[in-house]
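Q: Please take a close look at the salt bridges of this structure. Which charged side chains are paired, and where do the partners lie?

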Amino acid sequence: MTFGMDLLSNIDSYIDHSILKPFINNKEIEEECLKVRNYKFASVCVNPYHVKVCYEILKDTDINVCSVVGFPLGLNKTKTKIEESILAVEEGAKELDIVWNISAFKSREYQFVENEINEIIKNTERITHKIIVETAYLTEEEKLTAIKIVTNTKAEFIKTSTGFAPEGAKLDDVKKWKALNYNIKIKASGGIKDLNTTIEFIKAGADRIGTSSSFQILKEMGKYVR
């Protein structure tokens, strides 16, 4: 596969480096964030428990701390999601990856889903919001409905996956969403582990890539981990 040097030289800026494994310990999260400082990732995406320590390590860099909300199922009560979001922002998060209520969506409670997203956004203004719709659980028709709903909100991104479902991001989903020309950005996440796949998703229309394999991807292009 061939791709332009401009894209290669800026590949870091597309990546949200994910550190979301539940068994990571405090020392490991600190070491990972210190390593992240050597790159130009868009953000480091962590669980709420780790937001504060990551912010302290990265606050003098251009790398944002991103906290997940309602992760990984999205079935928390709205009030809980709002409080979780507010606390993450207070502790330094500049971006939120919010798992929407998949059960409510599957029940066709579309207005509830939209209202919940907007309530979270209303309480965390001036923060980037990415809505995880978990495409692995959606039919083709539901994927089209999903992007309509998210576009109706004030969220900046629709995101494919948590990485905890049976399947992650699919190129066809990103291409179909992009072709609709909605005024929303796309984050592809789940199963993206190498440079070629990363490039394919960016070319398909992804504005962000969520991956825990960031260092391996950069190593493929000669940016060796220091």
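A: What follows describes the salt bridges and then one helix contact.

The model is a predicted one. A search of the whole structure finds 18 salt bridges. One of the pairs is Asp16 with Arg208, whose closest N and O atoms are 2.7 Å apart. This pair links distant parts of the chain, since Asp16 belongs to strand β1 (residues 15-19) and Arg208 to strand β8 (residues 208-211), with 192 residues separating them. Asp16 has a relative accessible area of 0% and is therefore buried. The value for Arg208 is 11% relative accessibility, so Arg208 also counts as buried, the cut-off for buried being under 20%.

Asp16 and Arg208 also belong to a network of salt bridges, in which they are linked with Glu95, Asp97, Lys130, Lys159 and Lys187.

A further salt bridge joins the side chains of Lys81 and Glu116, at 2.8 Å from N to O. Here, too, distant parts of the chain are linked: Lys81 lies in helix α4 (residues 78-90) and Glu116 in helix α6 (residues 110-122), 35 residues apart. Both Lys81 and Glu116 are buried.

The salt bridge between Glu140 and Lys143, with an N to O distance of 3.0 Å, lies within one helix. Glu140 and Lys143 are three residues apart in helix α7 (residues 140-152), so about one helical turn separates them. With regard to accessibility, Glu140 counts as partly exposed because its relative accessibility is 43%, a value between the limits of 20% and 50%. Lys143, by contrast, has a relative accessible area of 6% and is therefore buried.

Charged residues also take part in a contact between two helices. The axes of helix α8 (residues 171-179) and helix α9 (residues 195-204) come within 8 Å and cross at roughly 20°. Angles under 35 degrees count as roughly parallel, and α8 and α9 are therefore roughly parallel to each other. Their crossing is right-handed. On the α8 side, the contact is made by Leu171, Val174, Lys175 and Lys178, and on the α9 side by Glu200, Phe201 and Ala204. By class, the residues of this contact of α8 with α9 comprise four nonpolar and three charged, with no polar ones.

Terms used:
Residues are numbered from 1 along each chain as its sequence is written. This is a predicted model: local features need pLDDT of at least 70, side-chain atom pairs count only at pLDDT 80 or more; totals for chains, interfaces and linings use all residues. Side-chain values use heavy atoms; hydrogens and water are left out. Axes are lines fitted to C-alpha atoms, for helices over the stretch in contact, and angles run from 0 to 180 degrees between N-to-C directions. Helices (H or I, at least four residues) and strands (E, at least two) are DSSP runs, numbered from the N terminus. Angles under 35 degrees count as roughly parallel, over 145 as roughly antiparallel, 65 to 115 as roughly perpendicular and the rest as oblique. A crossing is left-handed if the near helix is turned anticlockwise from the far one by less than a right angle, and right-handed if clockwise. Contact means heavy atoms within 4.5 Å. Ala, Val, Leu, Ile, Met, Phe, Trp, Tyr, Cys and Pro count as nonpolar, Asp, Glu, Lys and Arg as charged, and the others, Gly among them, as polar. A salt bridge is a side-chain nitrogen of Lys or Arg within 4 Å of a carboxyl oxygen of Asp or Glu. Buried means under 20% relative accessible area, exposed over 50%, partly exposed in between (1.4 Å probe, protein chains only).
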